[in-house]
Every structure is written in structure tokens, then in C-alpha cells.
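Q: Please take a close look at one part of this model and then follow it outward to its surroundings. A connected account in plain terms would be best.

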Amino acid sequence: MPRRYEFEEALLEHVEAEQRPTPKGSSSPNKKIASTNRPTQTAAMALLARILKARVSPAPGRGGLLGARVPRLSRPEGARLPAGARAEDKEAGRRGAPRAGGRAEGPRSLAAMPGPRTLANLVEFFWKDGFSRIHEIQQKHTREYGKIFKSHFGPQFVVSIADRDMVAQVLRAEGATPQRANMESWQEYRHLRGRSTGLISAEGEQWLKMRRVLRQRILKPRDVAIFSGEINQVIADLIKRIYILKSQAEDGETVTNVNDLFFKYSMEGVATILYESRLGCLENSVPQPAVDYTEALGLMFSMFKTSMYAGAIPRWLRPFIPKPWREFCRSWDGLFKFSQIHIDNKLRDIQCHIDRGERVRGGLLTCLFLSQELTLEEIYANMTEMLLAGVDTTSFTLSWAVYLLARHPEVQQTVYREIIKNLGERHVPTAADVPKVPLVRALLKETLRLFPVLPGNGRVTQEDLVVGGYLIPKGTQLALCHYATSYADENFPRAKEFRPERWLRKGSLDRVDNFGSIPFGYGVRSCIGQRIAELEIHLLMIQLLQHFEIKTSSWTKAVPAKTHGLLTPGGPIHVRFVNRK
Ligand code: HEM
């Protein structure tokens, strides 16, 4: 499989154009652009326009990431069920009254729905910092009010659903452009700064347009398989880093704060794919731009909470409580700035290749530039939002996975044995090897069940819907409580236990899908980065276990989960990496 796609034809055309004599006194526009130090947004647009003007197009007959755009007649992404079943579910979602003994009963109104009192909820969240315990509050409210209940968060009214079948009903009934949540504050920032929305913040047709472009390139396992080589280079650096950290430890084995290590890995891994460049986060001395970037990410991370406050505090209150909105804007400024620097660097890089008459080779970003399906502003916005979504999510999952393996040596041994039996001790795995080690996949699923990075998901109803016997009007914010459903014994027997084998298929027809645990969401608005995250995690877990036995150390403590927007380890995780080789 070609790892990169080329643009020979276009290049030839461009080189020919460059060789034509230019009118006296006018310098080559390419040279002029190449001499620009740091293109501003406008300069970057001009640069992109120049590159595109060279009519660079994919070589004929090449498919894949950078291949020709072939119109697709695909099923919707989320269509895991036969079309008939989806239609039925959709109908069931709208049908209305539940039937008892064949007699139709009218759906109840929201007024009849139980839920915590507004004041109690405000105290819980704003006074007792409930935002850092969203996962526990989900469970507590489910115990107190049942599997469907209503609550108020600041000005927002929310219906929470903590039932696997009701969640399935809502998600299967959704239309072509589902809305996750009210993104007004995100959209307002972008409007204020003249920025575009990206996949997370966009809605309706604008979202659909961008989603169609991106899903063609990164949604399927085979789309991202071509990144195995790049990811493996990052993994090699991470393993080197672990050996260095071990050598600095008193016992020669303990690595303190693996959270930090995996944060660097995830940042490096996802940047390799998104920006087609290395940041140097895993080097001994991290280059300054990467340090700045880490700070920007730290700011971004703290922003989750700020973002919640910024969204929850009504606009008229901003003059009195200005900090959340100010910080919200400041952190987005940092994120966009960082992304833009890397994107502009790539643009300049492409320009240099063209100037030198070289072939243009590239991955996701190059492809997005050249295909012209997204504007430059849309590329900035999507890369920024994908980076935001792709670093902490992956790194927290890795931290939890290592924590669970260290605390369950018997599980670790079973996974290790499968790896050795099916892949060997030294084989560097690629995406094609992952199906040969189903326990590694099961390990990830089970880790995400116990610690779903997003403890809850959201949908805004696009039409009136009857769920759990209640009529939920169009425009209602739903909170899908998948932390609560993940820990329900009725969905997962002995739910509190770490048992990856529960995800293994017993036969080719066996389905282990379970709406009780949908860590990447579901349907057309599900996580676009799922396959990237899985590749990063699967390949790393295999190699970590090939190299080391992961053990608890005297430093290892029980680490509680904490919600910071995402479900994070509530403290540093320390483990011993004992050499196997
Ligand atoms: C373990 C890692 C990850 C987890 C658990 C995760 C989880 C999620 C979830 C639950 C959603 C909402 C889905 C829905 O509403 O149905 C989501 C959306 C999204 N994720 Fe991820 N994610 C992960 C990694 C990534 C990565 C690596 C990227 C990018 C490279 C990414 C980019 C996005 C984007 C852009 C969206 C918004 C999609 C849209 O609205 O169309 N995620 N993710």
C-alpha cells in the first residue's frame, strides 16, 4: 500500500510554468512568497492560492487519503444496523405513546418528569464544584430520580438519560445533521475573531459539508492504517524516553507521572497526523515551540471548565463576572495561533518543494490544501478543534489503561501471552496486526467503559420525541449519561470489575456492541478521530507490553477519577516498567 500519494502531473505542469520566461522586472511569485518570513493569515491564503493555481491534482488511479475524489454512495456512518431496523427505530422514536396491554397511553409531559430542584443543582455544581464530579452526580441522580430525569444547569434545561435502550433509541432516530449541544459560546468567539467553525462547533449544512470531507479521509480503519509508520516512530521515541526515565529512577524501574509521558506521546502522535510534522515533545530537551504549545494545551485543558462556565453564565452577566469569558477567548486565541503556525509552516513547505521542482508528497493536511474542499479558515478551525479533541482524550485513556494493567497482573499476563503468541516478541506491529490480538482491542474498550473520557454525551432534539414515556419537545438538550450506563450491572454483569474479555466475540456472528458504553459516541456525529485514537493506543499498548511488564510500585496509589470536562485521573499515576527483553 502506498504510504504517500504523489502529484507528479501537476508538478510537471507547474515546473513547466515556472520555466517559462517571466516578463522583465517581475520576479517569480513563488520566490517572493518563499522569502516571506512568517505569513500572516492573508499571506497564507495567498500562498495556498498560489499552490492551487499550479493546478496540483492527485495522480490518476490513486485512491486513499490523497486519492482522487470519487463520489461515494455510502451508507451513513452510523448505519450499523440494516436500513429497515434503523427506519423502525426512527419510527419508534417518534411514535409516541408506550403501549400497555395493547391500549395506547398518552405520553407524559416534562412537568411530570422527576429531577433535582434547580437551587439544589446550582449549589451542587457552582458551590460544591459539581463540574469535577459530573460522573458521580450522574450515578447519584440516576439512583434518586430514575433513568430519565430533568435538571437545570444555569440557564440551561437538560433531560438526562441513563438507560441503554433509551440512549439507543435517541441516537438511532437522529437525522442528517445532529446537534450535540448549544455551541453558542464557541460560535460567538469565532464570529468575534472572524474565524470559521470546525467540526465540533459547526452545525447544520456547514457541519455536514466539513464532515463529508473529513470522514472520507480518517473515519475508517483502513483510512488511518497508512499512519502506522509515523505512529511507530513516535512510539520508538516514547520507549526510548521510558528507558531514560527508568535509568534516572532510584529503583531503575519506576516512572512517576505516566500521565505526563502519555500526554507528550498523544500530542506528538496526533500532531504527526494533523500537521504532518514532529513537535519534539519526547526529546530530552523539548524545543521551545513545543513547550509553548504544551502551555497552550494546558490552557486549553483548563478551558474545559472555563468553557462550561462561559456557556452557563448568561451574556448579560458578563460585565459583572468577566473572567470566564475573557479566559475562554484567551485560550482559544492560543489554540488557533498554534495550529495556524503549523499549518502555515506546512504550506510554506509545500511551496518550497514546488520551487525546487520536487514531487509534492503529503498526508491529511496536504490533501486538504490541495483538494480545495475546505477553505483555509475551515482548515485552521478543524485542525484546531481536532487537536483539542485528540490529545487529552487519548492520553487519559492510555494512563488509565496502564493503571488498570498494573493493578491487574493476571489480565496483563493474558494480553501479553496473546501478543507473544500471535505477533512475537520483537515484531513491530502495524494496523494490519491489530485484528490478530483481539484482547488488545478488548483492553481499550474495557478501559473506556470504566473510564469513559467523556462521561456524558449530548444531543439537542431536532423534533418532538417520546422517550421513556415522556414527550420531549424539539430543541431540548439531552444528556446521555454513559458513565452511569457503563457501571450498570444490567448492561455489564459485574460492572465494577475490569474484565476485557467481556468484549471478545464468541463467534463471527456474535455482536458485543452495547449502547451502555459508547465512548466514541454513535452515528453520523460520532468521534471523527476514533480510528486515529485507536491506532495510537493499540500500537502503543502492543509495544509497551512487548518491552515491559507493567507493575505497581510503592508509589502507586488508588487514583480517583475526576471530571474536568473530561474524565481524568485525579492525580499522577506511577508505575514500574520492568524490562522483558
Ligand atoms: C480515546 C480517544 C477519544 C475519545 C474517547 C473520543 C470521544 C469522543 C466523543 C464521545 C465524541 C462525541 C461523539 C458524539 O457526539 O456522538 C467525540 C467527538 C469528536 N472527536 Fe473524539 N475522542 C477521542 C479521540 C479523538 C481524536 C484523536 C480526534 C482527532 C484527531 C478526535 C476528534 C473529534 C472531533 C473533531 C469530534 C467532533 C465530531 C463532530 O461533531 O462531527 N477525537 N469524540
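A: **The sheet, and the shell around the ligand**

Lysine 150 has valine 159, in S5, as its bridge partner. The model is predicted, and what follows describes that model.

The pair belongs to a contact between strand S4 (148-153) and strand S5 (residues 156-161), which run antiparallel and are joined by six bridges. S4 and S5 are two of the four strands in an open sheet, whose order is S4-S5-S11-S8 and whose pairing is mixed. S4 and S8 are the edge strands, each pairing on one side only. From one strand to the next, the twist averages 30°.

At the other edge, S8 (residues 457-460) runs antiparallel to strand S11 (residues 477-480), with four bridges between them. Within that pairing, glycine 458 stands opposite alanine 479 of S11. In a regular strand, side chains alternate between the two faces of the sheet. In S8, Asn457 and Arg459 make up the covered face, while Gly458 and Val460 make up the uncovered one.

Next, the ligand. It is surrounded by 27 residues, and Ala389, Gly390, Gly521, Cys527 and Gly529 are the closest. Two or more residues of this shell come from each of helix H16 (376-390), helix H17 (392-407) and helix H21 (530-547). H16 contributes the most, with four residues. By type, the shell holds 15 nonpolar residues, eight polar ones and four charged ones.

One of the closest residues, Cys527, also appears in a record: the unreviewed UniProt entry places a "binding site" feature there. Cysteine 527 lies in the loop between helix H20 (482-486) and H21. Cysteine 527 counts as buried because it has 21 C-beta neighbours inside 10 Å, and the cut-off is 20 or more. Apart from neighbours within four places in sequence, the contacts of cysteine 527 are Phe520 and Gly521. Gly521 is itself listed among the residues closest to the ligand.

H21 also takes part in a link between distant stretches of sequence. Asparagine 232, in helix H11 (residues 228-248), and leucine 539 are 307 residues apart in sequence, yet their C-alpha atoms are 7.4 Å apart in space. Outside its neighbours within four places in sequence, asparagine 232 is in contact with Leu539 and Val428. Is asparagine 232 exposed or buried? Asparagine 232 has 16 other C-beta atoms within 10 Å, so it is partly exposed.

Methods:
Residues numbered from 1 in each chain as written. Predicted model: local features only at pLDDT ≥ 70, side-chain atom pairs only at ≥ 80, totals over all residues. Near = placed C-beta within 6 Å. Nonpolar A, V, L, I, M, F, W, Y, C, P; charged D, E, K, R; others polar. Buried ≥ 20, exposed ≤ 12 C-beta atoms within 10 Å, placed from the backbone. Pairing = 2+ DSSP bridges. UniProt positions renumbered as here; feature names shortened; annotations may be inferred. Contact = placed C-beta atoms within 7 Å. Axes fitted to C-alpha atoms, helices over the stretch in contact; angles between N-to-C directions.
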